[in-house]
Amino acid sequence: MGRFIKREGQRFGRLLVIKRAGSNKQKTATWECLCDCGKMVVMAANNLQSGNSRSCGCLQRELTSARSKRHGLTKTTCYNAWFNMKQRCTNAKGDDVKNYQNRGIMYCKEWEHFLNFYRDVGDKPANTYLDRIDNEKGYSKENCKWSTPAESALNKRSSKTWHILGQQFPTSKDAAIALGVSEAVIHRRCKGKVIRGKYHPPYEGHYCVLKYR
Ligand SMILES: [Zn+2]
């Protein structure tokens, strides 16, 4: 026989012990308790004693819902944009690795937390997405804005100026047309390229310059 401790009338958090219920499989005494919310529950004595059971479950539900309601934005598209940004930067497989991790594209430390992100970028206007102004740089207040696909395309095309043997072009497409080659050739000549593990530096007199900073 285990010890019998009278607990009637004792209070554990929101729970008021009413009467002995019996014992559970572990042969621990169980008690019928009235929660402050009005619900009757049966709790094991050891859980009451340790503080594990402090309500019928309503306390935990309230805390959880308070956490998710704190910023009240979890369902907004802004939140989704933030969540997806983090996914892209930290996803360990697929194209994301190639497009983000391998290029060192990450989000700034502050943006680990949604509220900081929201403070910096604000609500997401319809038909926009989170756009990096300089595609070579990561996600930060300075380098991000909400752009429509059209704005973004313009942005990326014109984020660099292209310099080829003393001539300057506003876009690589302009350079390609002027020189009668493909845009890929312009990119390769100005940026260099790794082909079959061997690095080919940019051609002499060929380079591109970021317009932003
Ligand atoms: Zn309750």
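How far apart should the ends of helix H3 be, given the 14 residues that make up this helix? In this predicted model, helix H3 covers residues 77–90, and at 1.5 Å a residue the helix should span 20 Å, which agrees with the 20 Å that separates its end C-alpha atoms.

Helix H3 also shows how the two sides of a helix can face different surroundings. Trp82, Met85 and Arg88 are buried in H3, and because these residues cover an arc of only 130 degrees around the axis, they lie on the same side of the helix. An α-helix has 3.6 residues a turn, so residues three or four places apart point the same way. On the other side of H3, by contrast, Asn84, Gln87 and Thr90 are exposed. The buried residues of H3 pack against helix H4 (95–99), helix H5 (114–121) and strand S5 (129–132).

With one helix in view, we can turn to the whole chain, which has eight helices and 11 strands. Of its 213 residues, 15% count as buried. Among the contacts between residues at least 6 apart in sequence, 34% join residues at least 24 apart.

Some of the strands can be followed one after another along the chain. Strand S2 (15–23) and strand S3 (29–35) pair in the antiparallel sense over seven bridges, and Ser23 has Ala29 of S3 as its bridge partner. The hairpin that these strands form has five residues between them, and in this hairpin Lys27 takes a positive phi near 60 degrees. S3 is also joined by five bridges to strand S4 (residues 40–44), again with the strands running antiparallel. In S4, Val42 is the bridge partner of Glu32, while Met43 is the bridge partner of Trp31. The hairpin of S3 and S4 has four residues between the strands, and Gly38 there takes a positive phi near 105 degrees.

In soluble globular proteins, nonpolar side chains tend to be buried together. Here the largest nonpolar core has 10 residues, including Phe12, Leu15, Trp31, Met43 and Ala45. S2, S3 and helix H1 (45–50) each supply at least two residues of this core, and the largest share, three residues, comes from S3. Ala45, leaving aside residues up to four places away in sequence, touches Arg7, Thr28, Ala29, Thr30 and Trp31. Apart from this core lies another, of eight residues, among them Leu130 and Cys144 as well as Trp82 and Met85, two residues that we have already met as buried in H3.

Further along the chain there is an open sheet of three strands, with the order S8-S7-S11 and antiparallel pairing. Its edge strands, S8 (167–169) and S11 (206–210), each pair on one side only, and the twist averages 25 degrees from one strand to the next. Strand S7 (residues 160–164) pairs with S11 over five bridges, and Ile164 has His206 in S11 as its bridge partner. Helix H7 (residues 172–179) packs on this sheet and touches S7 and S8, with a direction that makes about 25 degrees with that of S7. Helix H8 (residues 183–191), on the other hand, lies across S7 and S11 and runs at about 90 degrees to S11.

Conventions
Residues numbered from 1 in each chain as written. Predicted model: local features only at pLDDT ≥ 70, side-chain atom pairs only at ≥ 80, totals over all residues. Pairing = 2+ DSSP bridges. Axes fitted to C-alpha atoms, helices over the stretch in contact; angles between N-to-C directions. Contact = placed C-beta atoms within 7 Å. Expected span 1.5 Å × (residues − 1). Buried ≥ 20, exposed ≤ 12 C-beta atoms within 10 Å, placed from the backbone. Arc of directions from axis to C-beta. Core = buried A, V, L, I, M, F, W, Y, C linked by C-beta atoms within 7 Å.
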